[in-house]
Amino acid sequence: MISLIREHFETIRDVPVAVPQHPQELKDALRADLPETGEHFSRILADTREKVIPGLVQWNHPSFHGYFPTSASLPGVLAETVTAALNVNSMLWQTSPAASALEQVVLRWVARMADYPEDADGLLVTGASLANLYALTAARDQALDFDVREQGIAGPDVPTLRIYTSDQAHSSIEKAAITLGTGLANVIRVPSDELYRMRPDLLDEAIRRDLAAGFRPLAVVATVGTTAVGAADPLGPIADVCARHGVWLHVDAAYGGLYRIAPSLAGALESPAVGDSLVVNPQKSLFVPLDATALYCRRRGALANTFRLVPEYLRSTHEGDTYDFMDLSPQLGRGFRALKLWWVIRSFGRSGLASRLDHSLENADWLRRSASRHPDWSCPVSSDYPLVCLRYEPEVMCSDDRLSKVRIQEAVDELNARILRAVNASGTIFLSHAVIRDGYVLRFSIGNIRTSLGDVERAWDELNRIAKRELAEFLSEKTWTETA
Ligand SMILES: Cc1ncc(COP(=O)(O)O)c(C=O)c1O
């Protein structure tokens, strides 16, 4: 098994990043009856190697640039293996003393890197979506002046709660509103400015209007590193608005929060310490394998106020500054996530992690410069982070004066969507997309620990080759003026 892991990393550069396979083919290859008796491990391993791994998208591949690359470093992978072997449940201090103590240690380290108070309440959770939900649940309970835990949020006297976030916020905020029962209609999408950052003046207006109409603000969610383009909302002015109206500020820094440690961004990013709660995702930026997300709340006791509920069988005694992590979220049984963070942070050190983040930023700068110099590509929006949004706008189409701007825009959107499909089918690069005000863009997200400048240069050449080929086919298939 260890040699399989080794082989995975040794050959990762030489295998396709993805091999498109028809879903039915894949299902047929894996279909099997429930095994009645145990099988030999070598067969299980062989099937994993032959039938499962080739059907995966290789997230550790240096040319995986889709979404936010959650690449795994070797110390993280090995720690995860040890964690599985130990099979510790970190629900109570008494069930996992060293795991709980270690969770406190790594939470302090991560808080320091994120520039959040190290004495804030915190815990490791399964992903930023759930962290956002937990923070907003605690915020909801603070926003209402009755005992929500006891009474629930039903009844004629319960005010309608509203969550404010930018029109660029991650969908998990809306999912939190669905789960909390506050409703999608009460997620107020505050417009963003030309750089896709939330406009604090419009946030202020929205809250004032709602207060006058009898709505109750639940929280404001600011994003540091938005999903589509990697924008960062202005935290200082947003915090001022929140303070003015007494509203909880949650900072979703899932992607951008830990880039603060990169030397080239020193001083360029606002501190998230103004947030009542914060989420950062070491699984997105610190080379820690899925899943590892840190949720913090500097309103001490607020998470426990919402989630602490101890049935008799879980009652335990506490000495000194110990507590049970089950008190800070709805989750009881919890894996020992702290070990992989401890191994990764100790293996690289803060400076080692910082220089790797800087390396991704340099590679992204190179790509932005190359695209900006190219007559057929544009970078409609920049980012502090290594996320490059590219749009292929070939002159031959954009300068065609037979068509309106809108029709050209539609055709260019279609061409870019087609390039994405072709790129991901090629097995050489993996990208994802976003639709922003400038239209359909290809998101080229750099952050894999194994990606070198050479990899990015090769990926850029390949992207150009595929884009040119798709353009030629697009223009030849039907007259593109009809397509538009
Ligand atoms: C800004 C932001 N918040 C939250 C999330 C959700 O993260 P997770 O996949 O860890 O639930 C994402 C995912 O990309 C994101 O970009």
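**Close-up 1. The lining of the largest cavity in this predicted model.** Here you're peeking at the residues that wall in the largest cavity: Val224, Ala253, Gly256, Gly257, Arg260, Leu269, Glu270, Pro272 and Tyr385. Sort that lining by class and you get 5 nonpolar, 2 polar and 2 charged residues. The space inside comes to about 50 Å³. A search of the whole structure turns up 1 cavity of 30 Å³ or more.

**Close-up 2. The ligand and the residues around it.** Now we move to the ligand, which takes up the space of the second largest pocket. Two elements each give two or more residues to the shell around the ligand: helix H6 (128-143) and helix H11 (282-285). H6 gives the most, with 3 residues. In total, 15 residues surround the ligand, and the closest are Ala128, Ser129, Thr227, Asp252 and Asn281. What classes do the shell residues fall into? There are 3 nonpolar, 10 polar and 2 charged ones.

**Close-up 3. Polar atoms beside the ligand's oxygen atoms.** Zoom in on alanine 128 and you'll find a polar backbone atom 2.7 Å from an oxygen atom of the ligand. Serine 129 uses its side chain instead: a polar atom there lies 2.6 Å from a ligand oxygen. Lysine 284 also brings in a polar side-chain atom, 3.1 Å from an oxygen atom of the ligand. How much of the ligand does the protein bury? Taken alone, the ligand exposes 390 Å², and the protein buries 83% of that.

Key: Residues numbered from 1 in each chain as written. Predicted model: local features only at pLDDT ≥ 70, side-chain atom pairs only at ≥ 80, totals over all residues. Heavy atoms only, no water. 1 Å grid on protein atoms, 1.4 Å probe; cavity = no way out; pocket = protein on both sides within 12 Å on 5 of 7 lines; lining within 4 Å. Points joined across faces, edges and corners; volume = space filled by probe spheres on them. Nonpolar A, V, L, I, M, F, W, Y, C, P; charged D, E, K, R; others polar. Near = heavy atom within 4 Å. Polar contact = N/O pair within 3.5 Å; in protein donor to acceptor, adjacent residues only side chain to side chain. Areas by Shrake-Rupley, 256 points an atom, 1.4 Å probe, with all protein chains shown as cover. Sits in = over half its atoms within 2 Å of the grid points. Helix = DSSP H or I, 4+ residues; strand = E, 2+ residues; numbered from the N terminus.
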